[in-house]
Amino acid sequence: MTPRTLLLGAALLATLFGGPAAAKEQPKFTFPHGTHVEAGISCATCHGSIAQAKAVGPTVHLTLPAGDAAKDCLQCHDKVPAAPPPREVERAITFSHADHLPYVKGDCARCHTALVEPGQTKAPVPPMSTCTACHNHSEEYAQAKCQPCHVDLKRYPLKPIADFTHAGDFLRTHGAMARTNAATCAACHEQTSCAECHAATTRPFKPDIQWPEQVEALFIHRGDYVSRHRVDFNADPASCRRCHGSAYCNSCHNEQGISPLSPLTPTSTPHPAGWNAGAVHGPAARQNIGNCAACHDQGSQTTCVNCHRNVDPHPPGWAKRHNKTTDVANNGMCRICHVQ
Amino acid sequence: MSPNIRRRRLVIGFAASLAMLAPRPGRGDTVDASSTTMLIVKEQTRAGGSVTLAPLYELLSVSAREVENPVAEHLTLVFSGWLGASLGDNLVWYDLTPPQHHVFGDLDLAYIQGEVLQRTLRLRLGRQLVTGGVTGSLQLDGADALVRLPYGFGVSAYVGSPVSQRFDSRGTDATFNPQRGTFAFGGRAYWTLPAWGEIGFSGVEILDRGDPSRRQIGADARVTPWRALTLLGSAAYDLYESRWAEATVRAQYIVNSRILVSADYRHVEPDLFLPRDSIMAIFSFERRNEVGGSFQYGLTRTLTLLLDYHYQKQVDSGEGHRFNGRATWQPARDTSLGVEAGGLAAINDNSYFHVRGFGSQRLDRFTGTLDLQEYKFNQDVNGHNNSFAAIGTLGYLIGGGWAAQASGTAEATPYYKSRFDLMVKLAYNQSYHLREVR
């Protein structure tokens, strides 16, 4: 067994059996909110500082009353009970109680319809429908504008793509969105989600191989892509080139015996008769050099060099955009034909 | 690259991954774990002959967020990788040199990320995807930093080495990464005005063993002048070639809750997507323009229609078209049906028309799907002008995050008169929430 195999196996075992740690026990709530609300105790009696809170967390805004303010407590209690240990609340949403309380005239129950009771470990949080009851967020929702309200949505299970539309031709537009708005993508998606498609250099197969059941997903290479990949490439070579380098194309072309350096079938060629004439292959190369690169991008070993050492291959305007001396000094590729 | 260096890189890479995964006190308060075990049996053509491949894959993805620690806030550990064992012929199609490799694997991601100085500075180290601005999406072994400044300003920067497959082809012409190179750095400066948009300026430089591979600067903007309208624009300028590599503008307008329209224009010079140290980079000067739009209409609450058309024109050359229509109907929560039709006429090349029908039905713990695809080519591909594929799946939700699935594919394509593939999959997806979150 090679070291590589051992290490890969160890990584696998560590992930499977190291696994996520056991759930950390949360302390149970002990305060009976319902009893106190029924007794007419105002929320502000204990949570008075919430009126000034511009953000959620990091701790619950709890200050038990003292002195005269505690007289409501002493109607039932012999003394004001001790405050529970501080409970950390993580900031997952940008929300200002200070800004919202005036709109509900201090009536917390307008949003907090359910309160935490003794024995529970999680406090119920007002659902998003509470927000949308006043704020019209349908457009933001459709356009995935979750920020600036939501700081981190990754902890919530992703909704099916049919529910959260990522509207329109999202397959083609999400790149432009991400270019200026990666933080919004990151609010819901971990990089593991992006890597399923965008780690094309290391992934072993295309996404529809792994998820054939996702029939509604907008997979680019779905089904028999081998037959149509050339048409797609010629329609938009830059899109293919964002993920796939020449060696990726050539690895398969080599295997199929259509690449010039393939050891398998060195005599085969995909080109029509007469292709070697400059007037035939030249214009084709000028129009889409990516087609040539899919088989011939081997630096000094490429077949193009044999002739083009003596026949100027540069397109019109090349000399204006380049300084030959600098290029030859700084780019080894130039030195295949030019002397420094 | 010598075997020793290659082995050392492997050891370092996987040791880092193991260190991230090892159990420790105060582990991530939210852990997403995903494991997929797949056995695929399929036929493949190689050098004119046919071989049967039977790879067994294990794909693992673990991300732990909000890991308690004394140094950084929002500490996140992410690992995503895979391992494959070929039970049939050598699966590594690009490895034609004996001996055959039957066990192999790779890392997609392995990084650690945290925030310090009250979330002013976010740092990410390891194998990651760097995104944004002119960089696009770059798989990188390195470091990425983001500094959030007051008033919505910010600066990000990264440095590292573009990822190559299986660690052993970095710095060679055999790398699959289109960002061919051994050293990369770049960054983006931006200004965000919440609810209004963002504007950014960025740059990227990639060196391939000292030679220039990519050297570009760019600008991007997203503006929402009013809530229903979003305007997007970006441009990339190639400093090595002194030309625009790409420029796009896009407008997206939500007419009402049912209708969304968009229009876009793109100028692209595809030859600039080749590395500048590629011998192919000297032959061409391509310029293309594309204009089009899309229209989405929710006919009813359950029926949605999406139409898309784009016209392409290559300067001093031909023209092309791309169009697509898609209707999806979800008559019930567990039922989904769809039809799709479209076509693509590539510039100076072949064209095709396609139709597709798909559907899924869930019955208790079972889910079945069917996907039928038909492509008709205008000119023959390998002597044939027709490609048909039928893919069916049957899945069973075991519970506790586990699901099992079997799928089969039947194809009649220009390259296979008939072909049948089989895949069985056992998947585990689970999130563990270990702390109260509001």
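Domain bounds, as I use them here, come from an automatic or database domain assignment.

**Entry 1: domains of chain A.** I began with the divisions of chain A in this predicted model. Chain A has domain 1 (27–135), domain 2 (139–189) and domain 3 (309–340). I then looked up where domain 1 of chain A touches domain 2 of chain A, and found four residues of domain 1 in contact with six residues of domain 2. On the domain 1 side of this contact, I noted two nonpolar residues, one polar and one charged.

**Entry 2: confidence.** I recorded an ipTM of 0.89 and a pTM of 0.81 for the model. For chain B, the average pLDDT is 88, and 90% of the residues score at least 70. Within chain B, I found the lowest confidence in helix H1 (residues 3–21), with a mean of 50, and the highest in strand S19 (residues 351–363), at 97. Over residues 16–28 of chain B, pLDDT stays under 50, and the model has 34 contacts beyond four places in sequence for this stretch. I keep in mind that predicted coordinates should not be read in detail where pLDDT is low.

**Entry 3: the contact between the chains.** How many residues does each chain bring to the contact? I found 110 residues from chain A and 146 residues from chain B. On the chain A side, helix H1 (residues 3–18) of chain A gives the most, with 11 residues. Sorted by class, the chain A side that touches chain B holds 51 nonpolar, 37 polar and 22 charged residues.

**Entry 4: nonpolar cores.** I next examined the largest nonpolar core, which has 64 residues; A:Ile289, B:Leu109 and B:Met280 touch the most other members. Strand S4 (residues 73–86) of chain B supplies the largest share of this core, six residues. Apart from this core I noted another, of 10 residues, including A:Ala235, B:Leu344, B:Ala346 and B:Ile347. Returning to A:Ile289, and not counting residues up to four places away in sequence, I listed its contacts as B:Asp271, B:Leu274, B:Met280, B:Phe283 and B:Ser284.

**Entry 5: B:Ile217.** I located B:Ile217 in strand S11 (residues 211–223) of chain B. Is B:Ile217 buried or exposed? B:Ile217 counts as partly exposed, because it has 17 C-beta neighbours inside 10 Å, whereas a buried residue needs 20 or more and an exposed one has 12 or fewer. Leaving aside neighbours within four places in sequence, I found B:Ile217 in contact with B:Val134, B:Ser202, B:Gly203, B:Tyr237 and B:Leu239. I also noted that B:Glu205 and B:Ile217, 12 residues apart in sequence, are 8.8 Å apart from C-alpha to C-alpha.

Notes. Residues numbered from 1 in each chain as written. Chains lettered and ligands numbered in written order. Predicted model: local features only at pLDDT ≥ 70, side-chain atom pairs only at ≥ 80, totals over all residues. Contact = placed C-beta atoms within 7 Å. Helix = DSSP H or I, 4+ residues; strand = E, 2+ residues; numbered from the N terminus. Nonpolar A, V, L, I, M, F, W, Y, C, P; charged D, E, K, R; others polar. pLDDT = per-residue confidence, 0-100. Core = buried A, V, L, I, M, F, W, Y, C linked by C-beta atoms within 7 Å.
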